[in-house]
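Trainee: I'm new to this one and would like a close look at a single part. Please take me through the charged pairs, and then through whatever lies around them.

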Amino acid sequence: MLPTLNLTGDLVLAEHVSHRIGKVGAGDVVLVRSPVDPRRILTKRVVGMEGDTVSFYVDPMYSQTTVVPKGHVWIQGDNTYASSDSRHFGPVPYGLIQGKVFFRVWPPDGFGTLEQ
Amino acid sequence: MGTQSLLWNSVKKFLTCGLIGLTISDRYASIVPVRGASMSPTFNPRARNFTDDYVLVEKFCLKKYEFSHGDVVVFCSPSNHKEKHIKRIIALPGDWIGTTHNSHDDVLKVPKGHCWVEGDNSASSIDSRSFGPIPLGLVKGRVTHVVWPPRRIGLVERVFPQERVSSLK
C-alpha cells in the first residue's frame with residue numbers, strides 16, 4: 001500500500017460500522033479478509049463497486065476490462081507493482097470486507113486522514 | 001422516586017443482558033431459524049410444517065477456519081452480503097468436485113481459500129452449482145445441533161457425496 005501507508009509500523013484507526021450499513025465506496029481504504037487465506041486480513045483500496053467497469057494491466061502492453069459483478073468489489077493496493085489484489089484473484093464479495101481505515105495515528109508526521 | 005430508580009435498575013439490567021447476549025452470539029454461539037427447504041430433510045423436512053427449525057451455530061471454528069467435508073455452515077451470500085445462507089460444505093480447497101454444467105459433466109478444482117457448498121435438497125437449492133465456490137472468509141459459523149422443535153433435537157451429522165469429491169493433492 002505504498003506510498004499511502006509505510007511498509008511496516010503504521011498505526012491506523014479502522015471502524016467496523018460503515019461496511020455493515022453499506023457506506024463503503026470507491027476510493028476507501030478497507031480491511032478485507034483474503035479470499036486466498038481466510039486467516040489473513042489485507043489492507044487495500046476499493047477501486048470499483050458492483051456494476052463498475054474496471055480496467056487493469058495484465059502486462060505492460062495488454063490491458064483488460066471487466067465489470068464488477070453484483071455483491072462484489074474490486075480492490076487494489078496503491079503500490080501497483082508489488083500488490084497482490086483483484087488483478088490476481090478477481091473481484092471479492094462485499095461480505096469479506098471487515099472494516100474501513102479512516103485515520104493514521106502513527107508515525108506522527110503522517111497523523112491525519114488518508115489521501116483519497 | 002422509588003418507581004424511577006426501579007425503572008432505571010431494570011433498564012440497566014436489560015442493557016447488560018443485551019450486551020452479554022450480543023457478545024456471546026457474536027463470538028461463541030447463537031441460535032438461528034432455518035428458512036426454506038434447501039436443506040431438507042436435514043432441516044425443515046416438510047414444507048407444510050408450521051414452524052421453522054432452529055439450529056445452534058458455533059463461532060469457534062472462525063479462529064482457524066478449519067472445516068471438514070460435510071460441515072453445515074452459515075455464510076454471507078456472495079451476491080448480497082446482507083443475506084445469510086445455510087448449506088453443507090462438500091469440497092475444501094484443493095479438492096476436485098464433479099458438477100454438471102449445461103448437461104455436460106465437468107470437474108472443477110476448488111481454489112485455495114475457497115469451498116464448495118451445496119444444499120441437501122438438490123432440487124430446490126441455490127448454491128455453489130449456481131454461484132461457484134465461495135471464499136471461506138464468508139463463512140460466519142458452523143451448525144452443530146438442531147434445537148427446535150423438541151422432537152428433532154439432535155446432532156447435525158457430517159455426511160457428503162463422497163463419490164463426487166476427490167481430495168488427491
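Mentor: Let's start with the salt bridges, then move on to the cores, a few odd spots in the backbone and the place where the chains meet.

A word on the ground rules: this is a predicted model, in which local features need pLDDT of at least 70 and side-chain atom pairs count only at pLDDT 80 or more, while totals for chains, interfaces and linings use all residues. Residues are numbered from 1 along each chain as its sequence is written, chains are lettered from A and ligands numbered from 1 in the order in which they are written, and side-chain values use heavy atoms, with hydrogens and water left out.

Over all chains, the count of salt bridges comes to 13; the rule asks for a side-chain nitrogen of Lys or Arg within 4 Å of a carboxyl oxygen of Asp or Glu. In chain A, look at Lys100(A) and Asp28(A), whose closest N and O atoms are 3.7 Å apart. Lys100(A) sits in strand 8 and Asp28(A) in the loop between strand 1 (11–15) and strand 2, so this pair ties together parts 72 residues apart in sequence. (Strands here are DSSP runs of E, at least two residues, and helices are runs of H or I, at least four, numbered from the N terminus.) Both partners are buried, Lys100(A) at 16% relative accessibility and Asp28(A) at 14%. Buried means under 20% relative accessible area, exposed means over 50%, and partly exposed is in between, using a 1.4 Å probe and protein chains only.

Now switch to chain B. Asp120(B) forms a salt bridge with Arg88(B), with 2.8 Å between the closest N and O atoms. Asp120(B) belongs to the loop between strand 7 and helix 2 (128–131) and Arg88(B) to strand 4 (residues 80–91), so parts 32 residues apart in sequence get tied together. Asp120(B) is partly exposed at 28%, whereas Arg88(B) is buried at 2%.

Another pair in chain B is Glu118(B) with Arg164(B), where the closest N and O atoms are 2.6 Å apart. Glu118(B) is in strand 7 and Arg164(B) in the loop between strand 10 and strand 11 (165–166), which are distant parts of the chain, 46 residues apart. Glu118(B) is buried at 4%, and Arg164(B) is partly exposed at 27%. There's also a network: Glu58(B), Asp71(B), Arg142(B) and Arg158(B) are joined by salt bridges that share partners.

So much for the charges; next come the nonpolar cores. A core is a set of buried Ala, Val, Leu, Ile, Met, Phe, Trp, Tyr and Cys residues joined through side-chain atoms within 4.5 Å. The largest has 25 residues, and Val46(A), Val73(A), Ile97(A), Phe67(B) and Ile89(B) touch the most other members. Strand 2 (29–33) and strand 6 (72–76) of chain A, plus strand 3 (72–77) and strand 7 (114–118) of chain B, each give two or more residues to this core. Strand 3 of chain B gives the most, three residues. A second, separate core of eleven residues includes Val34(B), Phe43(B), Val74(B) and Val156(B).

The backbone has some oddities too. Trp106(A) and Pro107(A) are joined by a cis peptide bond, with omega about 5°, and Trp148(B) and Pro149(B) are also joined by one, again with omega about 5°. Asn44(B) is not a glycine, yet has a positive phi of about 50°; this residue is buried at 6%.

Last stop, the meeting of the chains. Contact means heavy atoms within 4.5 Å, and 15 residues of chain B are in contact with 13 residues of chain A. Despite the salt bridges we just toured, the rule finds zero of them across this interface.
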